[in-house]
Amino acid sequence: MRVLILGGDGYLGWPTAMYFSRKGHEVAVVDNFNKRKWEAEVDASPLIPLPSLQERIRIWKRLTGKKIQMFVGDLVHERFVARVFENFKPDAIIHYGEQPSAPFSMIGNERAVETQVNNVVGNLNVIFSMKRSSPNAHLIKLGTMGEYGTPNIDIEEGWITIRHKGRKDRLLFPKKPGSFYHLSKVHDSANLEFACRIWNLRVTDLNQGVVYGIETEETQMAPGLQTSFHYDDIFGTALNRFCVQAVAGLPITPYGKGGQKRGFLNIVDTLRCVELATQNPAKKGEFRVFNQFTEVFSVNELAEIVRDAAKKMGIDAKVKHVKNPRKEAEDHYYKPVHKELLKLGLKPHKLSEVLVESMMAKIIEHKDNIEDEIIMPRVVWEKKKT
Ligand SMILES: NC(=O)c1ccc[n+]([C@@H]2O[C@H](COP(=O)([O-])OP(=O)(O)OC[C@H]3O[C@@H](n4cnc5c(N)ncnc54)[C@H](O)[C@@H]3O)[C@@H](O)[C@H]2O)c1
């Protein structure tokens with residue numbers, strides 16, 4: 001297959017590019033290095049310095065003899081996206097190329113606009129390019145479980161049949177997202193469903209949980225092939241922050257009561273999920289949604305897993321709850337369905353203390369790079385007037 005990976009310099013994009021290339025597919029990546037720019041702007045460098053995309057592609061070629069084609073440019077520029085599609089003619093497009101952080105989108109007016117323009121306009125350009133030059137290609141678009149929020153009912157996979165006043169219809173599942181970033185993904189989903197309906201495109205929207213882990217078979221093949229690891233308040237996830245806090249001798253800090261529940265998955269399973277989606281494409285005109293996660297944890301459970309794993313490594317970490325910078329339910333019902341990817345053959349890699357210990361071992365190697373001051377929350381959802 002000819003696989004086009006949008007956001008190929010990113011945490012998930014780069015390991016995906018190597019995964020598909022190793023399996024013998026023709027792979028091209030697109031990126032404009034927005035993420036590296038944003039990291040610099042908000043002081044949120046990854047823990048382990050990352051070689052440039054060009055360098056990683058060269059290392060991959062030397063090691064495997066396989067070429068990964070690269071297009072440098074902005075998905076927000078319509079002509080650039082059109083040229084990439086006309087030139088590469090993809091069979092499958094895996095779209096990771098968006099601003100991925102809720103706190104970044106909540107910094108203020110400018111970042112909220114930047115996030116939604118970047119994500120929504122970029123996605124629209126992809127849809128239009130597909131329609132013009134690759135109408136039979138399959139788009140696999142990364143959404144997030146955060147699109148649904150935490151409703152007090154079971155969350156279905158994208159669609160729900162509603163009976164209302166004696167009639168019924170199959171509708172997109174109602175969304176109640178918790179940040180302008182998550183809202184950008186909701187807008188993307190609505191645009192994609194519309195495009196499938198009117199232009200017969202084929203799309204799989206992957207509502208992904210929080211991904212953890214930095215090791216895949218390919219990232220471990222040679223030094224320099226690694227992916228990014230963020231532990232700051234803007235781009236880092238709770239699990240990453242907690243592991244770094246334990247290693248740095250700082251308290252592990254759940255936000256608020258810590259009863260917030262979310263779906264999680266190993267990066268290795270992300271790769272398998274996108275592969276399963278490409279191998280079993282959506283039908284023409286179908287807007288298909290999978291809930292892509294393997295386990296649910298509360299923030300408190302994550303904190304305990306990290307504390308216990310640290311203890312086994314001789315680190316005595318304490319858990320200290322801090323004021324929640326976000327507006328979110330801290331104790332709630334959470335039961336999302338996630339059957340479709342399992343039906344297609346996903347075999348989940350569960351989160352274990354062993355994995356957390358191996359993450360911490362990696363962090364210990366780079367302990368000198370830890371910047372304590374970028375871990376605690378710098379962005380609040382609502383500034384209280386004093
Ligand atoms: N990592 C997770 O836990 C997670 C969970 C759920 C959903 N997602 C979604 O998966 C996707 C990938 O996430 P990630 O963690 O790899 O993010 P990332 O920021 O590491 O990667 C995204 C890449 O896209 C590029 N990009 C952004 N805007 C672009 C533009 N306009 N033109 C060209 N390139 C652009 C960035 O430079 C970056 O390299 C995102 O859409 C994210 O919202 C991620």
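Of the 386 residues in this chain, 55% are buried. Keep in mind that the model is predicted. The chain folds into 12 helices and 12 strands. Its radius of gyration comes out at 20 Å, close to the 21 Å that the globule rule gives for 386 residues, so the chain is as compact as a globular protein of that length. If you're setting up a box around it, the C-alpha trace spans about 65 × 55 × 45 Å along its principal axes.

Now for the ligand. There are 26 residues around it, and Asp31, Asp74, Asn118, Tyr181 and Lys185 come nearest. Sorted by class, that shell holds 10 nonpolar, 10 polar and 6 charged residues. Which secondary-structure elements each supply at least two residues of the shell? They are the helices α2 (34-42) and α7 (180-199), together with the strands β5 (138-144) and β9 (210-212).

Some of the polar contacts go through the backbone. A polar backbone atom of Leu12 sits 2.9 Å from an oxygen atom of the ligand, and a backbone N or O atom of Val211 is likewise 2.9 Å from a ligand oxygen. Asn32 uses its side chain instead: one of its polar side-chain atoms lies 3.1 Å from a nitrogen atom of the ligand. How much of the ligand does the protein bury? Taken alone, the ligand exposes 810 Å², and the protein buries 95% of that.

Helix α9 (residues 267-279) is a good next stop, and you can check its geometry on the back of an envelope. With 13 residues at 1.5 Å a residue, the helix should span 18 Å; its end C-alpha atoms are 19 Å apart, which agrees. Is α9 enclosed or open to the outside? Count a residue as buried when its relative accessible area is under 20%. By that cut-off, 10 of the 13 residues of α9 are buried, so the helix is largely enclosed by the rest of the structure. The buried set isn't purely greasy: alongside Ile267, Leu271, Val274 and Leu276, among others, it includes Asp269 and Glu275. At the N-terminal end of α9, Asn266 acts as a cap, with a side-chain oxygen 2.9 Å from the backbone nitrogen of Val268.

A couple of backbone angles are worth a look too. Most residues other than glycine have a negative phi. Lys165 has a positive one, near 50°. You'll find Lys165 in the loop between β6 (159-164) and β7 (167-172), where it is exposed, with a relative accessible area of 76%. Asn200 also has a positive phi, near 65°. This residue is in the loop between α7 and β8 (202-208), and α7 is one of the elements that supply the ligand shell. Asn200 is partly exposed, at a relative accessible area of 41%.

Back on strand β6, have a look at Ile162. Its relative accessible area is 32%, so Ile162 counts as partly exposed. How far apart are the C-alpha atoms of Ile162 and Phe173? The two residues are 11 apart along the chain, and their C-alpha atoms are separated by 9.4 Å.

Notes
Residues numbered from 1 in each chain as written. Predicted model: local features only at pLDDT ≥ 70, side-chain atom pairs only at ≥ 80, totals over all residues. Heavy atoms only, no water. Near = heavy atom within 4 Å. Polar contact = N/O pair within 3.5 Å; in protein donor to acceptor, adjacent residues only side chain to side chain. Areas by Shrake-Rupley, 256 points an atom, 1.4 Å probe, with all protein chains shown as cover. Helix = DSSP H or I, 4+ residues; strand = E, 2+ residues; numbered from the N terminus. Nonpolar A, V, L, I, M, F, W, Y, C, P; charged D, E, K, R; others polar. Expected span 1.5 Å × (residues − 1). Buried < 20%, exposed > 50% of the residue type's maximum accessible area, 1.4 Å probe, protein only. Rg over C-alpha atoms; globule rule 2.2 N^0.38 Å.
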